[in-house]
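Trainee: I have just opened this one and would like to walk through it slowly. Could you help me find my way around?
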Amino acid sequence: MISISSNLNLMIKATEKASKSVIRDFGEIEKLQISKKGPRDFVTKTDKHVEKILIEELSKYKKNYSFLTEETGKIDNKDKENIWIIDPIDGTTNFLHGIPHFAICIALKSNGEITSGVIFDPIKDEMFFAEKGLGAFLNNTRIRVSKQKKLTDSIIATGGPKFNSEQKNFILKEYLKVSNIVHAPIRKFGSAALDIANVACGRFDGFWQRELKYWDVAAGIIILKEAGGFIDFIDNNEKNLIKKNIIATNSNIHEELLACISKKNIE
């Protein structure tokens, strides 16, 4: 029997409750009311409704904790040292097009450090979770990263550039360089959170992506670390703490992949 904290138990219960709404709406995808949030970036009523459920559930038992969420942004409550970080649906574009690959994500940041995280894939019923010092799990099974030591033999995932990215040309060069090194084609599934979770459980050996948001990766940080992996923020703009460039690996191939995507080695 896995022993978890009250906070992590609360996070798991909140995602399970919110998932009922997600699964229902996914089954009626053509009826969703869709509004544009930006070029090729959409938000649905489901996104907002799921976030509302998560905030309400978490606030029932931790009334003073603050929030950082995709839809609402920052919610400063009395306790600013404990922050729930929420991505109601990571993989929104997949969701909108009926592709069953997306996740509900919650992380808890305490005193500047991610201490617990949950990534729930409601379609596959896969609950990834971890707490600092207690290991990482998929449902009730302990997970660990792969033992692959060679980048050439690794399974690597990425997300590619966004439509309006100012770094599009560089990101495509980066993609080409990695694809010329690894023997297996690079995977691109459309959910950064699940990509990191898949590194944590050994399905992938590494993942990198530029221009992600903090809520995309926050839960994955602790899950990957507790599974024995390594995660880095690279070439980040210190003025924009929300946007992140990330590399996540099994640790064995970390330095090799990091060197491969280094700007000085590409430009």
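Mentor: Let us start with an open sheet of four strands, ordered β11-β12-β14-β13 and mixed in its pairing. Bear in mind throughout that this is a predicted model.

Trainee: Okay, which strands are the edge strands there?
Mentor: The edges are β11, residues 156-158, and β13, each of which pairs on one side only. From one strand to the next, the twist averages 15°.

Trainee: And how do β11 and β12 run, parallel or antiparallel?
Mentor: They run parallel and are joined by three bridges. If you want a place to look, isoleucine 156 stands opposite glycine 206 in β12.

Trainee: Which helices pack on that sheet?
Mentor: Helix α4, residues 168-179, packs on the sheet and touches β11 and β12, with its direction at about 175° to that of β12. Helix α5, residues 192-200, also packs on the sheet, where it touches β11, β12, β13 and β14, and its direction makes about 155° with that of β12.

Trainee: What does β14 pair with?
Mentor: Strand β14 pairs with β12, residues 206-213, in the antiparallel sense over six bridges, and with β13, residues 230-233, again in the antiparallel sense, over four bridges. On the β12 side, leucine 212 stands opposite lysine 244 of β14, while on the β13 side isoleucine 231 stands opposite alanine 248 of β14.

Trainee: Why is β14 described as largely enclosed?
Mentor: Strand β14 covers residues 243-249, and six of its seven residues are buried, so the rest of the structure largely encloses it. Buried here means a relative accessible area under 20%.

Trainee: Let's zoom out. How many helices and strands does the whole chain have?
Mentor: The protein chain has eight helices and 14 strands. It has 267 residues, of which 54% count as buried, and its accessible surface comes to about 12,900 Å², with 49% of that belonging to carbon and sulfur atoms.

Trainee: What share of the contacts comes from residues 24 or more positions apart?
Mentor: Such pairs make up 63% of the contacts in the chain, when you count contacts with a separation of 6 or more.

Trainee: Now the other sheet, please. What is its strand order?
Mentor: This open sheet has eight strands in the order β4-β3-β5-β6-β7-β8-β9-β10, and its pairing is mixed. Its edge strands are β4 at 73-75 and β10 at 141-142, each pairing on one side only.

Trainee: Can you show me one pair of strands in it?
Mentor: Take β8, residues 126-131, and β9, residues 135-138, which run antiparallel and are joined by four bridges. Within that pairing, phenylalanine 129 stands opposite phenylalanine 137 in β9.

Trainee: Which strands does α1 lie across?
Mentor: Helix α1 lies across β3, β5, β6, β7 and β8, and it runs at about 30° to β7. Helix α2, residues 45-61, lies across β3, β4, β5 and β6 and runs at about 150° to β5.

Trainee: Back to α1 for a second. How far does it reach, and where does it bend?
Mentor: Helix α1 spans residues 6-26, so to speak a run of 21 residues, and it reaches 30 Å from its first C-alpha to its last, close to the 30 Å expected at 1.5 Å a residue. There is a bend of about 25° at serine 19 in α1.

Trainee: I clicked on histidine 49. Where is it found?
Mentor: Histidine 49 is found in helix α2, and it counts as partly exposed because its relative accessibility is 34%. Its C-alpha is separated by 9.0 Å from that of valine 22, although the two residues are 27 apart along the chain.

Trainee: Last topic: which residues other than glycine have a positive phi?
Mentor: Two to look at are asparagine 139, with phi near 55°, and serine 251, with phi of about 85°. As background, most residues other than glycine have a negative phi.

Trainee: Where do those two sit?
Mentor: Asparagine 139 is in the loop between β9 and β10, whereas serine 251 lies in the loop between β14 and α7, the helix at 254-260. Asparagine 139 is partly exposed, with a relative accessibility of 33%, and serine 251 is partly exposed with a relative accessible area of 33%.

Note on methods:
Residues numbered from 1 in each chain as written. Predicted model: local features only at pLDDT ≥ 70, side-chain atom pairs only at ≥ 80, totals over all residues. Heavy atoms only, no water. Buried < 20%, exposed > 50% of the residue type's maximum accessible area, 1.4 Å probe, protein only. Contact = heavy atoms within 4.5 Å. Areas by Shrake-Rupley, 256 points an atom, 1.4 Å probe, with all protein chains shown as cover. Expected span 1.5 Å × (residues − 1). Bend = angle between axes of the 7 residues up to and from the residue. Pairing = 2+ DSSP bridges. Axes fitted to C-alpha atoms, helices over the stretch in contact; angles between N-to-C directions.
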